[in-house]
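Grab a pencil and let's work through a few exercises together. Have a look at the structure first, then try each task before reading its solution.

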Amino acid sequence: MRFAFASSATLALAVALAPPAAAQLAGAAPASAADIAPATAAGAAHGAPPAAGAFEERLVLDTGRAPPPPPDPDRTTLSLQAEYQLRYRAMTDLRLRAPPLSDPGATTLGQHQYMAHWLRLSPRLHLADRASIVAQIDVVRGLVAGDTTRHVEQVRDARAELSWYEVHPRYLYLEVPSSVGVFRVGQQGAHWGMGLVANDGERPSVFGDPQRGSLMERVLFAATPMGPTGPLLVTVAADLVFEDSMADLLGNDVEGQDEGEGDRALQAVVSALWRARRGEIGVYGALRRQTRERRAKTSPARFTETLAVAVLDVAGKFDAPVPGGGAHVYGELEAATILGSTSFVPSGPAPPSGPAAQRAPVAVRSIGGAATLGAVHVAGRGPRPSDRWGRLVAEIEAGYASGDDDPRDGVARRFTFDPSHNVGLILFDEVLAWKTARAATIAERELFAASPAPGIRWLPSKGGVFGAAYVNPRMIVRPARWLDLKAGAVIAETTADLVDPYAPARAGGNLPNYDGGDRRRHDLGVELDIGVDARIAMGRLVTIQLGTEAGAFFPGGAFDDAAGAELPDQYLLTLKLGVIH
């Protein structure tokens with residue numbers, strides 16, 4: 001089981017510094033598939049309230065967080081938002097494959113409970129409506145107390161040691177609107193569509209918490225070629241990746257990594273989004289070139305991991321009122337393909353030898369996508385949009401990520417969602433995340449201790465959906481606008497044989513699954529999740545948040561071990577406490 005407490009506080013302060021005259025700041029584009037949120041399109045009204053009776057995303061998922069205050073066209077203003085999150089979790093100790101040489105008795109993750117936290121500060125300085133400076137930083141972040149994990153260090157945030165004082169910078173950028181668009185430069189988040197490929201880690205989900213997100217050293221320009229209020233929004237950007245699910249500029253994604261062994265990932269991104277009253281659809285394209293210099297721990301051997309891929313991603317969303325009023329249907333989708341070549345993927349060859357092990361790149365051919373369809377019944381009425389809330393929400397998400405059942409055939413087919421796109425609480429975030437991390441750690445420590453092995457650190461899924469197809473129905477019932485009763489389920493199976501590329505081969509030369517069992521078993525299992533969230537307003541400035549989440553996972557045959565023994569059922573419980581402005 002897992003227990004969790006969450007606390008958050010938001011403080012907003014607007015300070016008048018000077019009243020310069022300037023044109024009105026271009027407003028934020030509506031919540032959309034665009035990879036520029038909260039970048040703006042020229043001429044749109046910043047923070048403009050939705051029309052009466054219009055669909056709003058808060059009708060589906062209401063976190064209680066207030067949006068940042070908009071700029072004042074007549075004066076310089078400063079705002080500060082702060083949020084503190086504390087988690088105490090307890091969970092079933094997960095069975096994992098033991099390191100056969102270094103610790104053959106370590107047959108579990110070793111973690112029953114832990115406490116972690118982070119404090120996020122988000123200041124914004126608006127120079128009237130002429131420019132804005134936006135920053136965000138996790139001042140402290142890390143594991144405060146509890147059990148640590150063992151033998152999973154080949155993954156970022158492995159929780160392998162207590163470290164409550166880590167500092168993680170997120171945003172620091174300048175945004176300048178003009179009559180033709182918006183220019184933004186600096187470190188900023190990247191998000192597109194449902195967040196399968198690019199996810200800024202800021203979007204809430206029904207269950208679970210977002211991860212750190214995709215952060216870029218970015219130069220971006222967004223424009224509306226068909227006029228300030230036109231339906232077409234075009235964005236171009238050039239990136240040096242600071243950190244995301246595939247890269248870490250500082251080399252902190254693997255514990256014990258040598259200084260300077262970070263990724264150098266460059267991207268060129270172009271997106272076009274067509275926005276209408278009831279929906280939007282867009283296309284996103286990216287060219288990415290990524291390298292990392294690595295060396296073995298016990299030899300002078302060095303090699304370069306390389307990645308050169310093109311990403312094509314289509315995303316869209318819609319909403320429509322139900323005839324008769326009082327309800328809306330809505331939906332969104334995203335589908336992506338990744339093509340190119342890389343030496344980052346695991347292949348499980350015999351350990352290379354020589355002073356500089358270099359492996360020829362393999363082809364990348366992976367696809368993935370997800371779609372959500374839902375309906376919300378709206379309650380409440382009044383002159384303000386905030387007087388309405390979603391009484392009943394019912395939605396279903398279905399997703400597909402290609403898998404790779406033969407890591408030695410010269411083609412990498414595994415597609416992995418960004419870890420911040422949450423699907424349930426246990427299967428992808430816990431079970432598969434730690435099984436892939438343990439497999440990578442065993443390979444790095446024992447199979448390739450004296451020689452480097454390209455691709456090992458890309459084996460861990462970090463909680464993202466990979467090589468699986470799933471359905472995830474969810475429901476939220478609100479007896480009152482401040483109370484959420486929620487439930488969900490995840491039913492999943494693999495899209496290809498689930499194999500550990502570095503495990504000892506079974507009879508016939510076939511690789512086993514991550515537990516040493518039969519790779520041909522595709523049933524991942526069934527997960528059931530429930531939760532309660534309450535938001536109690538304390539005047540106009542503060543909201544007290546209370547809640548709980550619980551999950552039970554019943555594993556399928558894809559997790560059977562070499563003897564045919566099933567993986568024990570996994571349980572998790574979360575308690576949440578928050579203070580939000």
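## Salt bridges first

Arg 120, Asp 138, Arg 141, Arg 170 and Glu 202 are joined in a network of salt bridges. Here, a salt bridge is a side-chain nitrogen of Lys or Arg within 4 Å of a carboxyl oxygen of Asp or Glu. Before going on, note that this is a predicted model, where local features need pLDDT of at least 70 and side-chain atom pairs count only at pLDDT 80 or more, while totals for chains, interfaces and linings use all residues. Residues are numbered from 1 along each chain as its sequence is written, and side-chain values use heavy atoms, with hydrogens and water left out.

**Exercise 1.** Find how many salt bridges the whole structure has, then place the pair Arg 535 and Asp 484.

*Solution.*
- Step one: searching the whole structure turns up 37 salt bridges.
- Step two: the side chains of Arg 535 and Asp 484 form one, at 3.1 Å from N to O.
- Step three: this pair links distant parts of the chain, 51 residues apart, with Arg 535 in strand β19 (residues 523-538) and Asp 484 in strand β18 (residues 483-494). Strands are DSSP runs (E, at least two residues) and helices are runs of H or I (at least four), numbered from the N terminus.
- Step four: Arg 535 and Asp 484 are both buried. Buried means under 20% relative accessible area, exposed over 50%, and partly exposed in between (1.4 Å probe, protein chains only).

**Exercise 2.** Arg 58 and Glu 56 meet in a salt bridge; work out why each gets its burial class.

*Solution.*
- Step one: the N to O distance between their side chains is 3.2 Å.
- Step two: Arg 58 is partly exposed because its relative accessible area is 22%.
- Step three: Glu 56 comes out at 14%, so Glu 56 is buried.

**Exercise 3.** Where does Leu 425 sit, and is Leu 425 buried or exposed?

*Solution.*
- Step one: look in the loop between β16 (411-412) and α1 (427-447), where Leu 425 is found.
- Step two: its relative accessibility is 1%, so Leu 425 counts as buried.
- Step three: check a partner from elsewhere in the chain. Gly 208 is 217 residues away along the chain, yet the C-alpha atoms of Leu 425 and Gly 208 are 5.9 Å apart.
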